[in-house]
Amino acid sequence: MWKKIIASLFIIIGIFSFSSTGYGANMNTSSVQVARRTDRNRYQVTVPSEDAIATDKKTALISGKAPSGTNIVIEVYGTMDLTGKNFSLTNLPKSSDYILISKETIKAGQVGFAKEVELVSGINKVVVIFRVNGVNTVEKVYYVYDNALAEEAVRNPYRIVPTK
Amino acid sequence: MIKERLKTFLLLSLVCISIYLTRQIWLQMPYEILPLIKKEKALDTSYLLGDMLEPYKYLLNFDTKFHTVLYNEGEENLWTSIQPILVDALSSNSFKVERLTNDEFLTYNSKRSIVFYFPEKFSTYILARSLEVNKPNNITEKIPDIDSIYIYLGIGDPFFIFSNEDKHLMVYDLGIDVKELKEYVKEIEETGDYTYYYSMKDTLGSNNDIFIPIEMSQNVPLAYVENELIPNNIEEVRIIAEKYFNKDIDYIREIVENNGSIIYVYNQKVLKINPNGLLEYFSPLEELVKERNLYISLNTVADFLSDHIGIPEDIYLTKIEEIEFEDNLGYRLTFRHKIRGLPVIISDDDIKDFIQIDVFNKYVRKYKMFIRKDMNISDINLAENKRMLSAFDIINMNPTYELLEKRYIYDKNLTQDDINRETLTKDILSSIENIDIAYVDPCSKDKEEKLIGVWLLETENRIYAFDVYTGELVFER
């Protein structure tokens with residue numbers, strides 16, 4: 001009889017101690033942190049909201065959300081298209097045509113991250129890499145046009161056509 | 001006959017001249033017999049009144065995404081350029097108006113335009129009068145007070161939007177020409193030598209309509225100041241006393257207090273020069289002032305400042321408060337000054353402001369002045385080597401954000417259960433009502449005082465000043 005009681009007590013204590021460990025784990029275990037890390041909604045590029053942008057400014061703002069302390073690499077690629085006539089948003093360069101213009105690592109703060117990047121004339125690709133496993137890289141394409149060329153294009157649309 | 005008439009005319013002229021001159025010397029007339037002369041005098045100082053009611057910053061909207069904020073109009077003379085157009089708008093008899101909601105107004109910031117921000121809401125009528133519009137139209141009645149003026153510079157006809165907080169009045173069909181202003185904005189845009197400001201709503205998802213820089217194109221200039229008034233120089237102080245009382249120093253009573261303050265007394269008027277360079281002046285009211293008039297009061301102050309400190313440069317009116325003293329009704333006007341184009345804030349609570357005047361229509365009862373001047377030290381070795389932080393950098397820093405969060409939770413009386421972690425950051429960012437760059441004057445030295453460049457963050461209840469290079473909290477009010 002005593003053996004049965006003692007065995008039952010051990011089982012009960014075991015069950016209680018097991019379940020309390022379970023509550024603690026809900027807040028702190030590394031498995032949940034991994035789950036959080038992979039919560040992709042916490043890693044976003046909110047500006048620009050579009051994937052392809054045409055602009056006459058050679059400065060662009062990249063901003064978004066990421067947990068404080070996240071390392072973010074921002075790479076800017078341009079093309080050797082000095083005239084700005086070879087590529088357009090409808091005729092994008094191949095991966096091999098891009099050359100790295102700048103690369104900078106920033107750290108997300110309490111309200112997210114933001115960085116102004118310098119662009120070059122023609123097609124630019126801005127790549128935002130979150131240094132976190134399982135989070136996708138974000139790419140934005142900019143076409144920086146020259147106002148004078150744009151006006152010329154309006155006057156004579158057949159003169160400025162993509163050559164590739 | 002003609003000779004007799006001429007004699008009579010000459011005699012009358014002589015009598016009139018003698019009355020006028022006698023009045024100048026001895027008589028105090030019970031009523032104004034020469035209103036034209038008074039009017040001429042008022043017009044003489046109106047340029048100063050116009051100078052007082054100046055915007056302190058300008059928002060240039062280039063397009064939907066790109067904006068910049070300027071504090072010093074400098075060579076661009078934006079405010080000077082807009083004045084003739086503003087005069088046309090406030091005196092025109094042919095125009096149309098439309099009231100805009102706040103949300104409608106905010107959409108206009110994405111169009112090419114300039115917004116002139118005043119440090120305080122001003123009477124539209126007084127602004128019109130300060131621009132020498134003698135008979136302002138009924139825009140002054142439709143929107144009696146304004147704190148900002150928007151002017152559209154995009155394609156199509158230009159128009160104004162006069163605003164006072166959330167009230168907006170669009171005025172169009174004015175037939176005004178803004179070609180010169182458009183050229184100025186184009187020139188500024190083409191130089192590219194400015195910091196881009198972005199809408200906080202679009203960039204950080206907050207629910208407010210202010211603009212924030214992400215990266216600074218240039219540093220805040222290093223500036224050193226010194227007291228304009230040196231109390232130790234007794235000769236200079238006596239000259240000032242003579243100027244205030246318009247009497248020779250021999251007729252003025254001089255008292256030197258133990259703490260080093262010098263007091264001058266003449267005919268119930270008192271001038272006190274404090275050891276820290278603060279000047280205080282008291283004058284009794286000559287009559288009971290039962291009705292306050294801001295236009296007369298501003299003109300009185302304009303006269304007073306012209307007489308006592310000349311034409312004040314880089315001084316602008318920041319606050320107008322209604323005050324009462326022994327049944328007399330008046331105003332307390334507070335002025336700030338700018339150094340190298342940026343507003344200067346005093347961190348010393350005893351001094352508070354650079355110029356403060358209690359005025360009761362024609363009479364100045366109390367005047368406090370603490371003027372500091374730029375020492376114009378332009379030594380390259382003194383230039384800051386560090387990169388200046390933007391307002392975004394400051395807010396994004398852990399200590400700043402934690403402070404803002406702590407104060408927000410305290411001010412809103414939020415318990416742990418009330419706090420929604422998902423929206424807290426957005427709520428904190430939305431609580432920021434204004435972001436400005438300025439200098440803080442610690443007022444700890446008479447000369448070679450280094451001004452601290454700060455970002456001023458204004459929320460509903462507080463003002464924070466953060467060092468532009470370190471992000472450290474300089475003061476909180």
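**Exercise 1. Work out how far chain B of this predicted model can be trusted, and where confidence is lowest and highest.**

Step 1: start with the average. Chain B has a mean pLDDT (the predictor's confidence in each residue, from 0 to 100) of 85, and 91% of its residues score at least 70. The model as a whole comes with ipTM 0.74 and pTM 0.79.

Step 2: go to the extremes. Helix α2(B), residues 35–52, sits at the bottom with a mean of 52, while strand β9(B), residues 211–213, tops the chain at 95. Helices here are DSSP runs of H or I with at least four residues, strands are runs of E with at least two, and both are numbered from the N terminus.

Step 3: look at the weak stretch. Residues 28–47 of chain B have pLDDT below 50, and beyond near neighbours in sequence that stretch makes ten contacts in the model. A contact means C-beta atoms, placed from the backbone, within 7 Å. Where pLDDT is low, don't read the predicted coordinates in detail.

A word on bookkeeping: residues are numbered from 1 along each chain as its sequence is written, and chains are lettered from A and ligands numbered from 1 in the order in which they are written. As this is a predicted model, local features need pLDDT of at least 70 and side-chain atom pairs count only at pLDDT 80 or more, while totals for chains, interfaces and linings use all residues.

**Exercise 2. Describe helix α3(B): its span, its kink and its buried residues.**

Step 1: α3(B) covers residues 78–91, and its 14 residues reach 20 Å from first C-alpha to last, close to the 20 Å expected. That expectation is 1.5 Å times one less than the number of residues.

Step 2: find the bend. A kink of about 30 degrees is centred on B:P84, taken as the angle between axes fitted to the seven residues ending there and the seven starting there.

Step 3: list what is buried (20 or more other C-beta atoms within 10 Å of the residue's own; exposed is 12 or fewer, partly exposed is in between, with C-beta atoms placed from the backbone). In α3(B) that gives B:L78, B:I82, B:L86, B:A89 and B:L90. An α-helix has 3.6 residues a turn, so residues three or four places apart point the same way.

**Exercise 3. Which strands form the hairpin that contains B:G471?**

Step 1: the strands are β24(B) and β25(B), with five residues between them. They span residues 463–467 and 473–476, run antiparallel and are joined by three bridges; pairing takes at least two DSSP bridges.

Step 2: pick out one bridge, where B:F466 partners B:L473.

Step 3: check the turn, where B:G471 takes a positive phi near 80 degrees.

**Exercise 4. Are the non-glycine residues B:D173 and B:N246, both with positive phi, buried or exposed?**

Step 1: B:D173 has phi near 60 degrees and lies in the loop between β7(B) and α7(B). It counts as exposed because it has 12 C-beta neighbours inside 10 Å.

Step 2: B:N246 has phi near 55 degrees and belongs to the loop between α9(B) and β11(B). With 8 C-beta neighbours inside 10 Å, B:N246 is exposed too.

**Exercise 5. How many residues does each chain bring to the contact between A and B?**

Step 1: chain A gives twelve residues and chain B gives 17.

Step 2: on chain A's side, β1, β3 and β6 each supply at least two residues, with the largest share, three, coming from β3(A).

How values were computed
Two residues are in contact if their C-beta atoms, placed from the backbone, lie within 7 Å.
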